[in-house]
Amino acid sequence: MTSRFTDLAVDCADPRRLARFWCAVLGYEIQEDDGGVVTIGAPAPHGGAAPTLTFAHVPEPKTLKNRLHVDLTPTDADQAHEVRRLLDLGARPVDVGQGDASWVVLADPEGNEFCVLGGRRDAPTAP
């Protein structure tokens with residue numbers, strides 16, 4: 001017996017703002033929004049295949065580097081173009097000690113780190 005990865009939960013200050021950012025990044029759409037909790041996912045027909053992301057309001061700010069992060073692989077552009085697109089959406093560059101790596105570490109509008117890979121083989125072991 002196994003489990004299937006269905007949802008990534010993210011604590012945040014502004015669920016709607018973060019949901020809009022990640023919808024633009026991933027091509028997702030808002031599936032549920034009760035103000036304090038917003039869930040986004042892939043539009044049909046991919047809706048059940050890809051995990052959803054749920055953003056839940058919490059009062060405390062993020063204070064440390066993430067222990068878990070998302071890796072993105074550009075699907076229709078090269079890494080540099082995708083990084084520029086994500087910066088235009090509101091991401092910012094982050095140095096988490098990655099040095100001269102083949103991936104680029106960015107943070108979303110609330111400071112959650114994520115990596116943009118040059119290709120699937122470039123997957124980091126840690127940002």
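Student: What does buried mean, and how does Trp22 fit?

Tutor: A residue is buried at under 20% relative accessible area, exposed at over 50% and partly exposed in between, with a 1.4 Å probe and protein chains only. Trp22 has 4% relative accessibility, so this residue counts as buried, and Phe114 counts as buried because its value is 1%. This is a predicted model, in which local features need pLDDT of at least 70 and side-chain atom pairs count only at pLDDT 80 or more, while totals for chains, interfaces and linings use all residues. Residues are numbered from 1 along each chain as its sequence is written, and side-chain values use heavy atoms, with hydrogens and water left out.

Student: How many aromatic pairs are there?

Tutor: Rings of Phe, Tyr and Trp (its six-membered ring) pair if their centres lie within 6.5 Å, and planes under 30 degrees apart count as stacked, over 60 as edge-to-face and the rest as tilted. By this rule there are three aromatic pairs. One of them joins Phe21 and Trp22, whose centres are 5.3 Å apart and whose planes stand at 90 degrees, so the pair is edge-to-face. Trp22 and Phe114 have ring centres 5.0 Å apart and planes at 70 degrees, so this pair is edge-to-face.

Student: Where do Trp22 and Phe114 lie?

Tutor: Helices (H or I, at least four residues) and strands (E, at least two) are DSSP runs, numbered from the N terminus. Trp22 lies in helix 1 (residues 15-26) and Phe114 in strand 8 (residues 113-116), so their pair ties together parts that are 92 residues apart in sequence. Phe21, Trp22 and Phe114 form one aromatic cluster.
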